[in-house]
Amino acid sequence: MKKTSYFSYSFGCRVNEAEKEEIDRKMALNSFKFDNEKPDIYIINTCSVTQKAEREARQLIYRVKKDLPETKIVVTGCSATYWIKNNLHKTLPIDLMIDNVNKDFLVELIKKRLSYAPELHPRGVVKNLKNKFLDSGRAMIKIQDGCQRFCSFCIVPYLRGIPHSEKIKTLVTKIQNLPTSIKEVILTAINTEAFGYDSGEKFTNLLRNVIDNTKVPRISFGSIHPWSISEEFFDFYKEYQPKNRLVNFFHVPLQSGSDKILSLMKRGYKSSEINEKLRLIKVLNKSALIATDVIVGFLDETDRDFEGTYNFLRDSPISKFHVFRFSKRTKTAADYIAKRLKEPTSEEKNKRSKALIELSQKKQSAFMESNLGRKSSVLFLEKTFEEYREGLLDNQLPIYIPNTPYGCIEAGKLKNVKIIEYKNGRLFGKIV
Ligand code: SF4
């Protein structure tokens, strides 16, 4: 009997990616076959964090409908939740729309509503699951969902609800049961500060337990939110960083470097406070790469405020920024305060975004160069460039290692490397 095939695609954050991985696992467990050419079912996990993200999800839906008219389209995630809440889903050419509340039942709903009856995988175990993370020895583990912060620009708490965390014991067991081919676990959360909000457990205890009770060589946090970098975190970090299991990468979404804008965003911290914490991370670990997300063109952001953000980022130990242009999301606090505060024009937003992207490129190059001469473990990816295989250093910087004789380095393997050259924006190294 021909197996029903499916394809899945995820927009947005690493939590979405972790959810997609879980969906793939369940689809495989239910004997659906992965097919990236002409699947029977196309699952889209959407993001709604900006208007652009929502637009891209719509575009993909229409493209799939046009290119694969026979394929059933299943849509879930934050945009799906937003469309259902606002009764907009009926206008889209989809076969099944599932909101975030019911996302865990996505596979069951596909079987029931779209009338598929595949059998459970005979051994109840899924092998050979493929995606770009698993293929390079990395597993995404979702530790928490939802958010209680209600930052004024953000729609996520309305779409993902109050925080819900997995129990530390469950997470540790999940990681212990991963195949030995997994060399890095990425712990993903909507807001790491909200880990334990409902269960009373602590984020730092989760990290301690994962390091103490599992054997995965690398442990990484997808993002660590500013409120999680507390005294307690530093106590943990001073003790556990020397064990060399934590990936030296900090993605700390700060959103602005101007105190006025941070206050309008209701972020609850000042730029100087956070700067001090980031500096301490660098004192404890100078090879740590610190990255951030920043929004330009928020309400009432003047040239002077932007200059504050620019100068903050220029002088801070942050070496890489993801820049977003502010877009109002319906029903958020920013949507209401927009009635009395001026929003910068598209030209202003574009100009500010360009300036920050250029600054980020400059700072990232300087940071890459500062890694020359260092030795580090490297986790190899599926990607190649000319005769090199791409890998990730212990701080997640990409590095290229000669892959000759042809194909001698396998994706998903962990090896020690010396960083020897920085050329045309790329680091090169050799296995030691
Ligand atoms: S912390 Fe703020 S930006 Fe992040 S999900 Fe929660 S409300 Fe949104």
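Helices, of at least four residues, and strands, of at least two, are DSSP runs numbered from the N terminus. The legends below describe close-up views of a predicted model.

**Figure 1. The C-terminal annotated span, residues 369–432, is 3% helix and 58% strand.** The end C-alpha atoms of this span lie 20 Å apart. An unreviewed UniProt entry gives residues 369–432 the annotation "domain: TRAM".

**Figure 2. Residues 4–115 carry the UniProt annotation "domain: MTTase N-terminal", taken from an unreviewed entry.** Here the chain is 44% helix and 21% strand. Between the end C-alpha atoms of residues 4–115 the distance is 11 Å.

**Figure 3. Domain 2 meets domain 3 through contacts between 17 residues of domain 2 and 14 residues of domain 3.** On the side of domain 2 that touches domain 3, helix H13 (residues 346–370) gives the most, with three residues. Sorted by class, that side of domain 2 has six nonpolar, six polar and five charged residues. The domain assignment places domain 1 at 5–113, domain 2 at 134–370 and domain 3 at 375–431. Taken over C-alpha atoms, the centres of domain 2 and domain 3 are separated by 26 Å.

**Figure 4. The shell around the ligand includes Cys 147, Cys 151 and Cys 154.** Also among the residues around the ligand are Arg 149, Phe 150, Val 156 and Pro 157. Ile 190 and Asn 191 belong to this shell as well. By class, the shell divides into seven nonpolar residues, one polar residue and one charged residue.

**Figure 5. Ile 399 is one of the residues with the most contacts inside the largest nonpolar core.** This core has 105 residues, and Ile 141 and Val 185 are named with Ile 399 for their contacts inside it. When neighbours within four places in sequence are left aside, Ile 399 is in contact with Val 378, Gly 391 and Leu 393, among others. Further contacts of Ile 399 include Val 417, Ile 419 and Leu 427. Phe 428 and Gly 429 are also in contact with Ile 399.

**Figure 6. Leu 92 lies in the loop between helix H3 (78–85) and strand S5 (96–98).** Is Leu 92 buried, exposed or partly exposed? Leu 92 is partly exposed because 17 other C-beta atoms lie within 10 Å, whereas a buried residue has 20 or more and an exposed residue 12 or fewer. Tyr 62 is 30 residues away from Leu 92 in sequence. In space, the C-alpha atoms of Leu 92 and Tyr 62 are 8.2 Å apart.

Definitions and conventions:
Residues are numbered from 1 along each chain as its sequence is written. This is a predicted model: local features need pLDDT of at least 70, side-chain atom pairs count only at pLDDT 80 or more; totals for chains, interfaces and linings use all residues. Domain bounds come from an automatic or database domain assignment. Two residues are in contact if their C-beta atoms, placed from the backbone, lie within 7 Å. Ala, Val, Leu, Ile, Met, Phe, Trp, Tyr, Cys and Pro count as nonpolar, Asp, Glu, Lys and Arg as charged, and the others, Gly among them, as polar. UniProt positions are given in the numbering used here, feature names are shortened, and annotations may be inferred rather than shown by experiment. A residue is near a molecule or strand if its C-beta atom, placed from the backbone, lies within 6 Å of it. A nonpolar core is a set of buried Ala, Val, Leu, Ile, Met, Phe, Trp, Tyr and Cys residues joined through C-beta atoms within 7 Å. A residue is buried if 20 or more other C-beta atoms lie within 10 Å of its own, exposed if 12 or fewer, and partly exposed in between; C-beta atoms are placed from the backbone.
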